[in-house]
Every structure is written in structure tokens, then in C-alpha cells.
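Colleague: Hey, I'm new to this one. Could you walk me through it?

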Amino acid sequence: MKGLKKIALVTAIAAAPFAANAELKAMNDSAMGNVTGQAGVTIELETKVSIGQFKYTDEGSFAVNDIVLGGSGVAGGTGTELLDQIKIDIDVADDGDAIIHVGSLQTDPATGAPVPIDWGMTAGSMELLAGSTGTDSTTLISGLSMYGDLAALDMNVDTATDHLNVAVAFDIDDMDFNVDFLGVGIRDMVVTGAGTNFDYDGNGTTANEELAASGGNAAEGYDWTADPRQKLAFGKLTKYANVNLDVYKGAGLGASTATGVLRIDVNNVYMDMSIGAIEIGGASIGSVAMDNLAITDTKLAVYGH
């Protein structure tokens, strides 16, 4: 492989165990079935990670303090404090593509569906610091606490395009944090899938309408008449927030003359989101809900200046 292909492959494998925070558009359960039988590696993982401080320094610094990543129990969820029951499958296809799937070791005995991996994260504060010593500082966010479920994480390094495709299906059951420099508090934020009242494939009919037309056997390109895995994949699409993006080396956007930049193309983000309470000065001013949030055709070019 060329240099970029090697770098992308190593990066994808190294990042896999720590990507729980955070469904392939094409890599659904049927596509994963095509990988079965190829020689590969399976890694089973359980861990809890603590980081005293993460600091990025330019002329000034941005610091995140007291980070903990583990099971939902670290943030007040019902699970343990271990990020566990994780299975990482790594395969190399006959065309050289690297295919990495992060899923659960557990399955629901009633449906055969993988049981989502519960995760949790906390961070004490996020700060802007003057210089590297922080004689002057501003606290942006404090008291960050969140937990939820990871249904699947898939990564594919395509040797034909030199693209790393990342797709994740997840939810956030509860998220709280304070925006200190604005005096704002966010309580009980929830992120889920867009549900069945959304048109995922853009054909003008919602999943509910297609379910009704098919007698409950097909919707949004999934048909489980003969393959029950298609129903599980459809459920993952509608129940969990889905994010799909491509990462690669490319050119800048629009009139930009930049070349060799980090490109991130967001193919889709589908989700519902609600905030139980927005607090200002310690008092709630109400709640917010967004139904069928879709972010599509979004591109980023990232480079130094």
C-alpha cells in the first residue's frame, strides 16, 4: 500500500478500542456477513481509562481536566464502571481493504440482536489558558457527565480511494454540563435515533409509511421477509443516532488553494435530541427538543495556519 494507506490502517486499528465515545451507511449486517469466514483477528476488551489532564498548546492552551472513560457507572448509569463486553473484529479483504467492526460480546436471547455496549464519561473542566502556565484562564465547561449505549462502530480503510470510512450507531441516555463563562447549565440531554417517522433513504416516504405499505416486512431499503438480520439492522438505524463520515487527505473547499489537507466528509447524521432543562443563574428557563435532525452533505477541510 502507499504511505497514506499504511498510516490510515494503523490509525484505524489503534483507535478502535477507544472509539466508544462517538452503522456504516453501506456496512450493514448483510455486508458484514460477507466478511465472515475471512482470516482475521478478534480482540475482546474491558477497560477503564483515567486521564488527569489533556492539554493542547499553541500560543495559549486548551486543557481538559480529570477525564474518566468507562462503563455507564462512571457517570451515574446502571452499568458497572468498566467499559466491557467489547469485541473488535479486524479483517483484511482480498482487495486489501481493512474492515474493523466494534460490537458487543452479548446477544439478546429473545431476538439474537447484539446487546449494546454501555459507556460513560466524565470530565471535571475544560479551560482556555494564557500561554502554557495558565496565569489567566477561562473555564468553558465544567461538571461534564454523560452515559449511553454504543450499538456498533465500523471502520473501513479503502485501498482504492485511500479513504477511512467511520460509521457509528449510539445513544446518550443522560448528559449534564455547565457552560461556566456564560452562566448556563444543560441538564438531562438525551440523544436517540430519528425513529420511524423519518425518511432515511430520501425517496419521499417515511419508514412508518413504508412499513405500512409492506405489511411490516420492509422499510428504508431493508427487507426482512427472508433475512431476519435485515430487521435487526433496520432497528439499529431507527433506534440509535447514526453518524457516517469519510476521512482522507485532499484539497481545500470552495476557492481555497490549500492542498494536502485533512478532509472530513460527513455523509449523514440522523438523530433526535432533547434537553430536559436549560438553566441560567441556577433556574430553569425551559426545555428544548429537536425531532428528525439530519446533517448531510457536510464537508470540512482542516489544516494549520
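Modeller: Sure, starting at the surface: Ile-51, Phe-54 and Tyr-56 make a nonpolar patch there, with about 310 Å² of accessible area together. Patch residues have over 30% relative accessible area and no salt bridge (a side-chain nitrogen of Lys or Arg within 4 Å of a carboxyl oxygen of Asp or Glu), and nonpolar side chains are joined within 5 Å. Areas are Shrake-Rupley values with a 1.4 Å probe. This is a predicted model, where local features need pLDDT of at least 70 and side-chain atom pairs pLDDT 80 or more, while totals for chains, interfaces and linings use all residues. Residues are numbered from 1 along each chain, and side-chain values use heavy atoms, without hydrogens or water.

Colleague: Where is Phe-54?

Modeller: In strand β2, residues 49–57; strands are DSSP runs of E, at least two residues, numbered from the N terminus. Phe-54 is partly exposed at 46% relative accessibility (buried is under 20%, exposed over 50%, partly exposed in between).

Colleague: New topic: is Ser-145 buried or exposed?

Modeller: Buried, with a relative accessible area of 17%. Ser-145 belongs to strand β7.

Colleague: What does the side chain of Ser-145 reach?

Modeller: The backbone oxygen of Ala-75, at 3.4 Å. Beyond neighbours within four places in sequence, Ser-145 has contacts (heavy atoms within 4.5 Å) including Met-121 and Asp-174.

Colleague: And which strands pair with β9?

Modeller: Strand β8 does, antiparallel over 5 bridges, and so does β13, antiparallel over 8 bridges. Pairing takes at least two DSSP bridges. Val-191 stands opposite Met-273 in β13.

Technical notes. Helices (H or I, at least four residues) and strands (E, at least two) are DSSP runs, numbered from the N terminus. Buried means under 20% relative accessible area, exposed over 50%, partly exposed in between (1.4 Å probe, protein chains only). A polar contact is a pair of N or O atoms within 3.5 Å; within protein, one must be able to donate a hydrogen and the other to accept it, and residues adjacent in sequence count only if both atoms are side-chain atoms. Patches are made of residues with over 30% relative accessible area and no salt bridge: like charges are joined within 9 Å, nonpolar side chains (Val, Leu, Ile, Met, Phe, Trp, Tyr) within 5 Å.
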